[in-house]
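Visitor: I am new to this one. Could you walk me through it, step by step?

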Amino acid sequence: MVKEWATVIRWQNGRALLRYGSSSGCGSCGARKTCGSYALSKIGPNTEHELEIAIEQPLVVGQKIEVGIPEGSLIRSAMLVYLTPILGLFIFAGLAQSFDFSQFLVATSGVLGGVVGFYTARKLASHWRDDDAFQPVVLQIGLPPSELSVQVNC
């Protein structure tokens, strides 16, 4: 299960809008200097993402929630997004090559196959959108900010 903590932005009628940022663990390991993800996160803007999920328990703005998604679903999604266009590229270019087309037409067919693969991935992803296996689940709900208090006795 891939887990991430998010902050409640809004809760209304059983729907919660959550905001989460980049993985908090990124940059804390010893491989920072050789890590591609760390380098890319430093180049781009510090982005935060929003996610809306169904949750019946009333929540308060600022409350922390841990959400997760199964690794299998994440891997299937990544394979769909990355492999489908590449397979389309190879299949279309291979077919064009087998018909002895010119190199320009082989390259053009490969690009066309990549585009067809991309749209195929989008179509398949739209079918998976409502599948429960691809929906984030609430793992933990933190205390509301008003419930937390620190007492210091000197």
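Visitor: Is I55 buried or exposed?
Guide: This is a predicted model, so every value here is computed from it. Buried means under 20% relative accessible area. I55 has a relative accessible area of 8%, so I55 is buried.

Visitor: Where in the chain is I55 found?
Guide: Strand 3 covers residues 48-54, and strand 4 covers residues 64-69. I55 is found in the loop between strand 3 and strand 4.

Visitor: Which residues does I55 touch, leaving out those up to four places away in sequence?
Guide: One partner is A16, which sits 39 residues apart from I55 along the chain. Their C-alpha atoms are separated by 6.5 Å. With sequence neighbours up to four places away left out, I55 touches W11, G14, R15, A16, I65, V138 and I141.

Visitor: Which residues make up the largest nonpolar core?
Guide: Nonpolar side chains tend to be buried together in soluble globular proteins. Here the largest nonpolar core has 9 residues. Strand 1, strand 2 and strand 4 each supply at least two of them. The members are A6, V8, A16, L18, I53, I55, L59, I65 and V67.

Visitor: What does L59 touch, not counting residues up to four places away in sequence?
Guide: L59 belongs to the largest nonpolar core. Residues up to four places away in sequence are not counted. On that basis, L59 touches V8, W11, A16, I65 and I141.

Visitor: What is the order of the elements from the N terminus on?
Guide: The chain has 3 helices and 5 strands. From the N terminus on, they run β-β-α-β-β-α-α-β.

Visitor: In what order do the strands stand in the sheet?
Guide: Strands of a sheet pair through backbone hydrogen bonds, either parallel or antiparallel. In this sheet the pairing is antiparallel, and the sheet is open. The order of the 5 strands is 3-2-1-4-5.

Visitor: Which strands stand at the edges, and why is one side of each left without a neighbour?
Guide: Each edge strand has a single partner strand, so one side is left without a neighbour in the sheet. The two are strand 3 and strand 5 (137-141).

Visitor: By how many degrees are neighbouring strands of this sheet turned against each other on average?
Guide: Direction is ignored for this angle. Neighbouring strands are turned on average by 40°.

Visitor: Which residues stand opposite T7 in strand 2 and strand 4?
Guide: Strand 1 (2-12) includes T7 by its numbering. Strand 1 pairs with strand 2 over 5 bridges and with strand 4 over 6 bridges. In strand 2, T7 stands opposite R19; in strand 4, T7 stands opposite K64.

Visitor: How many bridges join strand 2 to strand 3?
Guide: These two strands run antiparallel. One bridge pairs G21 with E48 in strand 3. The number of bridges joining strand 2 to strand 3 is 7.

Visitor: What is the bridge partner of V67 in strand 5?
Guide: Strand 4 and strand 5 pair in the antiparallel sense over 4 bridges. In this pairing, G68 stands opposite V137. The bridge partner of V67 is V138.

Visitor: What is the phi of N13 in the turn of the hairpin?
Guide: Strand 1 and strand 2 form a hairpin with 2 residues between them. N13 lies in that loop and is exposed, with a relative accessible area of 72%. N13 is not a glycine, yet its phi is positive, at about 50°.

Visitor: Where does helix 2 have a kink?
Guide: Helix 2 (residues 71-98) has 28 residues. It reaches 39 Å from its first C-alpha to its last, close to the 40 Å expected. A kink of about 30° comes shortly before the proline P85, at L83.

Visitor: What covers the buried residues of helix 2?
Guide: The buried residues of helix 2 are S73, L80, T84, P85, G88, A93 and A96. What covers them includes strand 4 and helix 3 (103-128).

Visitor: Which residue with a positive phi follows helix 2?
Guide: This residue lies in the loop between helix 2 and helix 3. Its relative accessible area is 68%, so it is exposed. Its phi is about 60°, although it is not a glycine. The residue is D100.

Methods. Residues numbered from 1 in each chain as written. Predicted model: local features only at pLDDT ≥ 70, side-chain atom pairs only at ≥ 80, totals over all residues. Heavy atoms only, no water. Pairing = 2+ DSSP bridges. Axes fitted to C-alpha atoms, helices over the stretch in contact; angles between N-to-C directions. Buried < 20%, exposed > 50% of the residue type's maximum accessible area, 1.4 Å probe, protein only. Contact = heavy atoms within 4.5 Å. Expected span 1.5 Å × (residues − 1). Bend = angle between axes of the 7 residues up to and from the residue. Core = buried A, V, L, I, M, F, W, Y, C linked by side-chain atoms within 4.5 Å.
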